[in-house]
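Subject: The model we talked about

Hi,

Here is the structure I promised to pass on. Have a look at it first, and then read my notes underneath.

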Amino acid sequence: MQVETIRPAGGRPTHIRHDDLISAKGVSVVMGTDRNRQLILRDIDLAVPQGSFVSLIGPSGCGKSTLLKVLAGLVNPSSGSVSVAGVSPGEAARKRMIGLVFQDANLLPWKNAVDNASMLLGIADKSMSRSALRARGQEMLDLVGLGDAAHKRPNELSGGMRQRVAIARALALDPAVLLMDEPFGALDAITRDSMGQSLLEIWQRTGKTIVFVTHSIDEAIQLSRQVHVLGIKPGRITQSLDIPLPYPRDASVTEVPEFVRLVLQLRTMLRSSHQPGGAT
Ligand SMILES: Nc1ncnc2c1ncn2[C@@H]1O[C@H](COP(=O)(O)OP(=O)(O)OP(=O)(O)O)[C@@H](O)[C@H]1O
């Protein structure tokens, strides 16, 4: 495998591996009107290897969601370049290579779980019959552990169950990449833990490449291979932390001394990321 090292003037070196599924180089995003232009993201270099699980963490408003939207092709960078599997994010989205999961499941209230799970696929592939869509929806519900709730409507499901349907809906497209923006942020601590465990199992079974935004230090360490810390004003990656804990990781991983050490390390990194404009 070839590794290319980019050394921006005065910045930290970035190693771009040629098996990276996602790569962002020198990405900046400016938003707002002429009189109130704001630099939201500055010089983001990000490399996500195929099949990896990467988290983004940082203070509120530092630009994590904006970065995810850039990777999804929903926001165009003002400068820099992004590729997903060798094409632009917009092209990757058109090719159904990107699945999105947000904090709010956004299910259609009049449709049951199986129809919600296959809804995006039905829009993307008009040639699929209703029964083929249902079969795919059921397969995805089985994958996320919700096979028995196929005919329940969203108002009959708990918050965690609704998020499982949202994950099933994204997976139904069979995307190479899952971009997840605080998907468990609204759930109670115990449900959140079990959703994290389920997500790890799904990840290991499907081999998807996952970029995951979270505010939880424990969640980032428990799930990810690598955590990128974003700083604020402007949003930029200030530090990155490899998580060398072996997979599979179950809930007991939080008790090993290495986990506790990583929590302390990430907490220190996060603390310094709260300093506006601090050194990278
Ligand atoms: N469409 C927009 N126009 C102008 N400014 C925007 C727009 N979208 C986001 N911003 C600004 O960009 C900054 C980063 O927002 P973003 O939602 O990406 O942060 P975040 O790190 O995801 O925050 P949180 O953790 O609170 O969800 C904020 O200051 C926000 O006000």
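Below is what I found, starting with the ligand and moving on to the helices and strands.

A word on the basis: this is a predicted model, in which local features need pLDDT of at least 70 and side-chain atom pairs count only at pLDDT 80 or more, while totals for chains, interfaces and linings use all residues. Residues are numbered from 1 along each chain as its sequence is written. Helices (H or I, at least four residues) and strands (E, at least two) are DSSP runs, numbered from the N terminus.

**The ligand**

The shell around the ligand (C-beta atom, placed from the backbone, within 6 Å of it) includes Met-31, Gln-38, Ile-40, Cys-62, Lys-64, Ser-65 and Thr-66. Two or more residues each come from β4 (38–49) and α1 (64–72), and α1 gives the largest share, three residues. By class there are three nonpolar, eight polar and one charged residues, where Ala, Val, Leu, Ile, Met, Phe, Trp, Tyr, Cys and Pro count as nonpolar, Asp, Glu, Lys and Arg as charged, and the others, Gly among them, as polar.

**Helix α5**

The 14 residues of α5 (130–143) should span 20 Å at 1.5 Å a residue (times one less than the number of residues), and the end C-alpha atoms are indeed 20 Å apart. Arg-136, Gly-137, Met-140, Leu-141 and Leu-143 are its buried residues (20 or more other C-beta atoms within 10 Å of their own; exposed means 12 or fewer, partly exposed in between; C-beta atoms are placed from the backbone). These lie on the same side of α5, because they cover an arc of only 155° around the axis, taken from the directions from the helix axis to the C-beta atoms. Among the elements covering them are α3 (113–117), α4 (119–124), α6 (159–171) and α7 (189–206), with contact meaning C-beta atoms, placed from the backbone, within 7 Å. After α5 comes Gly-145, with a positive phi near 80°.

**Helix α6 and its neighbours**

α6 is mostly covered, with eleven of its 13 residues buried; Arg-162, Arg-164 and Arg-169 are among them. They pack against β7 (98–101), α3, α4, α5, β8 (177–181) and α7.

Strand β7 is covered on both faces: Ile-98 and Leu-100 are buried on one side, Gly-99 and Val-101 on the other. β7 runs parallel to β8, joined by four bridges (strands pair if DSSP finds at least two), and Val-101 has Met-180 as its bridge partner in β8.

Best wishes

Note on methods:
Contact = placed C-beta atoms within 7 Å.
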